[in-house]
Amino acid sequence: MASAHGVGDPLVLGIETSCDETGVALVRGDELLVDAVASSMEEHARYGGIIPEVASRAHLEQMVPTITRALGEADVDLSEVDAIAVTAGPGLVGPLTIGASAAKALAIGLNKPLYGVNHVIGHAAVNQLVDGPFEGRTMALVVSGGHSSLMLVDDVATGVTELGSTLDDAAGEAFDKVGRLLGLPYPGGPHVDRLAREGDPEAIRFPRGLTAAKDQAKHAYDFSFSGLKTAVARWIEACVDAGREVPAADVAASFAAAVADVLTAKTIAACRRHDVETLVVGGGFSANSQLREMAAKRCAEAGIDLRIPPIRYCTDNGAMIAALGSAVVRAGAAPSSFDFPVDSSMPMTTITV
Ligand code: KG4
Ligand code: ZN
């Protein structure tokens, strides 16, 4: 872990509850002191998707134990905390509300400032805890089951511009849907990844969404994966109708190659266009081996420094929120008011509420 800042920096407690992970972390400057996470994914797996009510109840049950665990592991007393940061959006309204309520209660009780922050920007900010502060303009690709967002980051606390995002499915969501088509367990992403490693990525030429010349004017940096998912479904159907066995590994490999190709091609084009030499990748989908391989190869060719943190910092956690909170506090941003609402579709123009 990089520890670029001294004891004078504020101690920030970060709380994350936008989906199924209850995350609590303590960060001082760019130094992570502790990161405690409890997940309710096992409770959702049998439904084949996140059930917001189930996630909300799990957050309610896990919140105090997770805070207690984080403080205990870091040997920090609650009274030492200087500021509270919490995810204000985007995410599921019920889960967000549990985290925001806990953070508001803590901030009032401790008489400390509260910062409601943007979850997706947190996925970029967490990289600074691992690989050190960003040096100048940085490109961030945040990909998960809920988001696919390409952002130009001048400063995570004050200057983020979203260049593009998905118009339909997120990358992880597309993997989960293809996993279902191939009869794999939920969430399908990691299973499709594993299967793809045994197949031929060039066996089937699946479509690359929004890469045609006509898309360059309006959607050069946007993504679309729903056409690809439909193409995979049609291809499997045609195979079944013809009485042929579905070559699942080749389907998975060709599909994964299409997703990785579009994500990396557009991201590297954006780096070139904006003269950026560092690319940060975050979000749970950064675990995807096809994306990692293609990003490593293409970034090396383009002379771009690629930063992908260990997977536990790519999935949802409290560290990302504490990291962004820490940056925001150090930038001197105004605290959020205690009546801020959560925002399920918070835009990237909002770093703090
Ligand atoms: O960030 P995350 O844990 O939760 C969300 O905010 O969505 O991301 C989970 C998503 C799921 O869609 C999951 O299937 C996908 O990321 N995923 C993967 C891999 N690991 C996780 N997709 C493809 N390959 C993987 N290795
Ligand atoms: Zn996320």
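Analyst: A molecule sits in a pocket if more than half of its atoms lie within 2 Å of that pocket's grid points. Keep that in mind for this predicted model.

User: What makes the largest pocket the space taken by ligand 1?

Analyst: Ligand 1 takes up the space of the largest pocket, so more than half of the ligand's atoms must lie within 2 Å of the grid points there. The pocket's volume is about 1,300 Å³.

User: Why is it called a pocket, and what lines it?

Analyst: A pocket is an open set of points with protein on both sides within 12 Å along at least five of seven lines, so the name tells you that this space passes that test. Its lining has 47 residues, with Cys19, Ser144, Gly145, Gly146 and His147 lying nearest the centre. H6 gives the largest share, six residues, while H4, S7, S8 and H7 are also among the elements supplying at least two. By class you get 17 nonpolar, 21 polar and nine charged residues.

User: Which residues come nearest to ligand 1?

Analyst: The shell has 17 residues, and Gly145, Asp176, Asp193, Gly284 and Asn288 come nearest. Each of the 17 counts because one of its heavy atoms lies within 4 Å of the ligand. H6 leads here too, with four residues, the largest share, and H7 (189-196) also supplies at least two. The shell splits into five nonpolar, eight polar and four charged residues.

User: What makes the Asp193 pair with ligand 1 a polar contact?

Analyst: A polar side-chain atom of Asp193 is 2.8 Å from a nitrogen of the ligand; the cut-off for N or O pairs is 3.5 Å, so the pair qualifies. Two backbone N or O atoms pass as well, each paired with a ligand oxygen: Gly172 at 3.2 Å and Gly189 at 3.3 Å. As for cover, ligand 1 alone exposes 550 Å², and the protein buries 85% of that.

User: Why is the other kind of space called a cavity?

Analyst: A cavity is where a 1.4 Å probe fits but cannot get out, so it is closed off, whereas a pocket is open. Searching the whole structure turns up one cavity of 30 Å³ or more, holding about 40 Å³ of space. H10 (248-273), S9 (278-282) and H11 (289-302) each give two or more residues to its lining.

User: What makes that lining mostly nonpolar?

Analyst: Seven of its residues are nonpolar, two are polar and none is charged. Leu141, Ile268 and Val281 are among the residues there, and they count as nonpolar because Leu, Ile and Val are in that class.

Key: Residues are numbered from 1 along each chain as its sequence is written. Chains are lettered from A and ligands numbered from 1 in the order in which they are written. This is a predicted model: local features need pLDDT of at least 70, side-chain atom pairs count only at pLDDT 80 or more; totals for chains, interfaces and linings use all residues. Side-chain values use heavy atoms; hydrogens and water are left out. A polar contact is a pair of N or O atoms within 3.5 Å; within protein, one must be able to donate a hydrogen and the other to accept it, and residues adjacent in sequence count only if both atoms are side-chain atoms. Accessible areas come from the Shrake-Rupley method with a 1.4 Å probe; for residues, only the protein chains shown count as cover. On a 1 Å grid over the protein atoms alone, a cavity is a set of points where a 1.4 Å probe fits but cannot get out, and a pocket is an open set with protein on both sides within 12 Å along at least five of seven lines; lining residues have an atom within 4 Å of a point. Grid points are joined across faces, edges and corners, and a volume is the space filled by probe spheres set on the points.
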